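New to this one? Take a quick look at the model first, and then we'll walk through it topic by topic.

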Amino acid sequence: MKFKTFITIFFGMIICQPCAMRAQETPAWAKESVEKREQRMAWWRHDRFGMFIHWGLYALPARHEWVKNHEKISDENYQKYFDRFDPDLFNPKEWAAKAREAGMKYVVITTKHHDGFCLWDSKYTDFKATKTPYGKDLIKPFVEAFRAEGLRIGFYYSLIDWHHPDFTYDYFHPNGPQNSEERKTANANRDIKKYQQYLKDQITEIMTQFGQIDELFLDFSYPGADGKGRNDWDSENLIKLIRKLQPQILIDDRADLNDTDWGWDFKTPEQYMPSEWPTVNGKRVAWETCQTFSGSWGYHRDEQSWKNVRQLLTMLIEVTSKGGNLLLNVGPTARGLFDDRANASLEGMGQWMKYHSRSIYGCTQAPEEFTVPKNCLLTYNPERKRLYIHILEWPIHALRLPAYAGKFKYAQLLNDASEARYKTEDNNIIFDLPLRKPPVEIPVIELFLE
Ligand code: GLC
């Protein structure tokens, strides 16, 4: 799809062209020591694996959360979904249990997506869950249920709003004129300043009504002629407000402040795997890739491109092996349930995580002295001094670790803590593995380095 390609290239450019960035001076309110920042990010670097949830009116058409844009649906015609939004089976305790069992440690839910529909009872709009037939706030019970399962809470909030009367028409807006000149005329009665205030008012609500919020995912900027960026959102003041209300929060990089070191906490490669740990000005930075099961973020009934459990696990391991986080998305149905395909994927991941989460939590990229053996991915726990070898293709007996001799004291298979025996040949280690692959999707050897 065209817009997807655009977004992928756009965020790709942000990540791949750090040198092209202008450095902006840090305002006094944003100054923070390196140690303080590290402390703020410690839980996130440890946890590695979160659940993204895209839920809203677009679950009813069930053909992509951008449906209003894709099909140029007018407000009047979109209203039919609002008038029938009634997720009678919504039980956030069930969702939270599924996330925890899959091994996820935090969750990020769409409080508002681009269509402008709000899941909480915002005082600044009527376009919200409490005014639909369902009639209740969805965010409070959601937050309580996930906290009760021990997960940290994150909010996604769309900077874009195709419902607000002061959100000026731009090239993504589904309902404005297609021609740039005509858009200008049509925008004469729209006041972006009023929309900026709306952003601040709503952000204040979600930052003050639900307790501690650990991550905020603002989405997204597309600066340039007929697009929107920091001046449209008043990004600097928005970030200032957020940091005042939730000083410990982690904020993504989509408010168009990428040339600063205070306007974002982590990079967000979307739906692709960076070839290596992303850097800015030559330094490795925190990153979280967001990924779908099948392509669409909102519930998509007919999509057939579902990744299998093995691919999902490989993704989680690969992300960890490059020092990043994985935010994996579920799009619940309009009845309020995770569908069978999502459940099966989560359960499959959970089965593996039950025995292998040790190679994910607290882990990161392995030091360079450890070469990556053939068909393997490495992760490393610097505190416990363990190296994890994820074996993607189970070999016939022998697994060769080049130049590993003398680098570890003991080795075992992680799933059952059974000793993994080996011999040393020159400088190399040759494992003598059982012929039969252990009964897990991706077996792991745990090396005790000390
Ligand atoms: C994109 C899409 C959006 C999705 C988001 C997730 O920006 O516009 O639909 O919510 O990515 O990262």
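Which residue in β11 does C376 stand opposite? That would be I391. Keep in mind that this is a predicted model. The protein comes in two pieces, with domain 1 running over 5–359 and domain 2 over 376–449.

**The sheet around C376**

- Five strands line up here as an open sheet, and going across you meet β10, β11, β17, β13 and β14 in that order.
- The pairing in this sheet is antiparallel.
- β10 (376–381) and β14 (418–419) sit at the edges with a single partner strand each, so one side of each has no neighbour in the sheet.
- For β10, pairing with β11 (residues 386–391) runs over 6 bridges, in the antiparallel sense.
- As general background, strands in a sheet pair through backbone hydrogen bonds, and they can do so in a parallel or an antiparallel way.

**How the two domains meet**

- Measure from C-alpha centre to C-alpha centre, and domain 1 and domain 2 are 38 Å apart.
- Their contact draws on 13 residues from domain 1 and 18 residues from domain 2.
- About 1400 Å² of area is buried between domain 1 and domain 2, and carbon and sulfur atoms give 62% of that.
- Between the two domains you'll find 2 salt bridges, plus 6 residue pairs in polar contact.
- Want a salt bridge to look for? Try the side chains of E441 and R310, which meet at 3.6 Å, N to O.

**The domain 1 side of the contact**

- Two helices, α11 (309–321) and α12 (340–356), each bring at least two residues to the side of domain 1 that touches domain 2.
- α11 gives the most to that side, with 8 residues.
- Sorted by class, this side of domain 1 has 5 nonpolar, 5 polar and 3 charged residues.

**Salt bridges across the structure**

- The whole structure holds 31 salt bridges.
- In one of them, the side chains of R37 and D265 meet at 3.7 Å, N to O.
- R37 belongs to helix α2 (residues 34–47), while D265 is in the loop between β5 (250–251) and β6 (279–280), so this pair ties together parts that are 228 residues apart in sequence.
- In general, side chains of opposite charge can pair when their charged atoms come close.

Methods:
Residues numbered from 1 in each chain as written. Predicted model: local features only at pLDDT ≥ 70, side-chain atom pairs only at ≥ 80, totals over all residues. Heavy atoms only, no water. Domains from an automatic or database assignment. Contact = heavy atoms within 4.5 Å. Buried area = accessible area lost by both parts, 1.4 Å probe. Salt bridge = Lys/Arg side-chain N within 4 Å of Asp/Glu carboxyl O. Polar contact = N/O pair within 3.5 Å; in protein donor to acceptor, adjacent residues only side chain to side chain. Helix = DSSP H or I, 4+ residues; strand = E, 2+ residues; numbered from the N terminus. Nonpolar A, V, L, I, M, F, W, Y, C, P; charged D, E, K, R; others polar. Pairing = 2+ DSSP bridges.
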